[in-house]
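Trainee: I should like to learn how to read packing, ligand contacts and backbone angles from a set of coordinates. May we work through an example together?

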Amino acid sequence: MTENSTAFLRTPRIVPRDGHGISRKDISPNALRVLYRLREGGFAAFLVGGAVRDLLICGHPKDFDVATDATPEQVKSLFRNCRLIGRRFRLAHVIYGREIIEVATFRANEDDGSGDRETVGEGRLSRDNVYGTVEDDAVRRDFTANALYYAIEDFSVRDYVGGFEDVQARVLKLIGDPESRYREDPVRMLRAVRLASKLDFSIDPAAAEPLPRLSELLSGAAPARLFDECLKMFMAGHAEKSFLALERHGLLAALFPETAKALATNRSGALRATLLQALRSTDGRVAEDKPVTPAFLFAALLWPAYCRELAVLQKAGVDPLAAQQRAADRVTLHQAERIALPRRFSQPMQEIWLLQPRFSQRQRKRVFRLLAHPRFRAAFDFLELRGSSSPEIAEDVAFWREAQLQSPEHLAESLDGSRAGASESHHDPDISSPPRKRRRRRRPSGGSQPTGTPD
Ligand code: ATP
Ligand code: MG
């Protein structure tokens, strides 16, 4: 721990039960069970972190974390339904059906030589299992608002770092010296942006200032952690705000280098408009409790990068179909260096991209094949999304919306009836063959060329 953050420690403020609004009825009964059991076992037991913060602002915590002076082994001996996990942080999980109460032993960042601690690179922590006091535990947390302790013994809130006031003022302040705290763990930069967006908090100027300067530290963070953080940023109902905050604080290029590049060179702004619309509609779905998938989300986040890569390959004269696959592969591969998008998501993401040109085809057999494609629905949703900022594909959107509603017989009839029209411009036999030149000339931004390519 840096000298600065230890210096942050002040005389604890104890906010009694009548000085705050946290009521036991808002706390998960399982978390209460854990707190009481630890207490009965003779240990200190606090509700801590995001749950206390969220309860103070009348939010609904998504999980309840507990901090204690019991070691993980001691916690395990108190609960039959307990599992110890983690290497970097050894934690106890107390399991109640689908709910897991995470119980962490007070930890210190200070290394007195007795613990198990490793540092790599420029002050980055790789392992910290040094147990400490509740004060130590408070100062090693990231933001003051995340370092409040609700004590089950007297229902008070204990504040060692000024977090109570900061929650009232709705501001995120880093504990200690911002730059060294970001160097210790660069993911804290994303947490600042994510929590500010989620909670509608401002970021304290001292915590915001280093963000653009230190953004490249994110390239040293574990890609798997960045993927988790992305899910929390973009799949929890505040995707658009998080994205705008990433841009504002200069962090976008560190996470999505090629997307940032494509957005910067897309003068019409169509790519950015499509992306923001995707994030907005994801937020809408979350608000309505509809499912959202990382495949669709990443298809949208990386669409600008894909369009840019595709344009480059097409300009170089690569055959359109080969160019599509190659652009998809390149973008996926480059992005994987930063964010570990699992294959079960990257594959459908690519399919969503690769199906886009097929929406401009009207030949009967192809229409039915596309409708039966397992990724049809996601790809159509993506087409609709593109349509919101690319009016030139409005006709395709309307056709496929209608096609889904019609009975197969009726659809076949109407396709046969319009043979002389657009459908005739496509040749039949091989689904994988590229569209005819005449078609591509007529609709330069449809067909194999996605809308909004850099202009
Ligand atoms: P959310 O509501 O999204 O769960 P949270 O603040 O609870 O937000 P968690 O990831 O659940 O976030 O972490 C729980 C607590 O652990 C935080 O409130 C904070 O005190 C501490 N913490 C988490 N990540 C870090 C970190 N990178 N550095 C320091 N402390 C951290
Ligand atoms: Mg939490």
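Mentor: We shall discuss a helix pair, a ligand and two loop residues in turn. Please bear in mind that this is a predicted model.

Trainee: How does one describe two packed helices?

Mentor: Such a pair is described by the angle between the two axes and by the distance separating them. Here, helix α8 (residues 187–199) packs with helix α11 (residues 223–234) at about 5°, and their axes are 10 Å apart. Angles under 35 degrees count as roughly parallel, and α8 and α11 are therefore roughly parallel to each other.

Trainee: Which residues of α8 and α11 meet?

Mentor: From α8 come Val187, Leu190, Arg191 and Arg194, which meet Arg225, Leu226, Glu229, Lys232 and Met233 of α11. Sorted by class, this contact comprises four nonpolar and five charged residues, with no polar ones.

Trainee: How many residues surround ligand 1, and which are the closest?

Mentor: Ligand 1 is surrounded by 19 residues, the closest being Lys62, Asp185, Arg188, Arg194 and Lys198. The side chain of Arg188 places an N or O atom 2.8 Å from a nitrogen atom of the ligand. A polar side-chain atom of Lys198 is 2.6 Å from a ligand oxygen atom. Asp142 contributes a backbone N or O atom, 3.2 Å from a nitrogen atom of ligand 1. Taken alone, ligand 1 exposes 590 Å², of which the protein buries 86%.

Trainee: What should one know about the sign of phi?

Mentor: Most residues other than glycine have a negative phi. Phe155, although not a glycine, has a positive phi of about 60°; this residue is in the loop between β9 (148–151) and β10 (157–159). Arg170 also has a positive phi, near 50°, and is found in the loop between α6 (163–168) and β11 (171–172).

Conventions:
Residues are numbered from 1 along each chain as its sequence is written. Chains are lettered from A and ligands numbered from 1 in the order in which they are written. This is a predicted model: local features need pLDDT of at least 70, side-chain atom pairs count only at pLDDT 80 or more; totals for chains, interfaces and linings use all residues. Side-chain values use heavy atoms; hydrogens and water are left out. Axes are lines fitted to C-alpha atoms, for helices over the stretch in contact, and angles run from 0 to 180 degrees between N-to-C directions. Helices (H or I, at least four residues) and strands (E, at least two) are DSSP runs, numbered from the N terminus. Angles under 35 degrees count as roughly parallel, over 145 as roughly antiparallel, 65 to 115 as roughly perpendicular and the rest as oblique. Contact means heavy atoms within 4.5 Å. Ala, Val, Leu, Ile, Met, Phe, Trp, Tyr, Cys and Pro count as nonpolar, Asp, Glu, Lys and Arg as charged, and the others, Gly among them, as polar. A residue is near a molecule or strand if one of its heavy atoms lies within 4 Å of it. A polar contact is a pair of N or O atoms within 3.5 Å; within protein, one must be able to donate a hydrogen and the other to accept it, and residues adjacent in sequence count only if both atoms are side-chain atoms. Accessible areas come from the Shrake-Rupley method with a 1.4 Å probe; for residues, only the protein chains shown count as cover.
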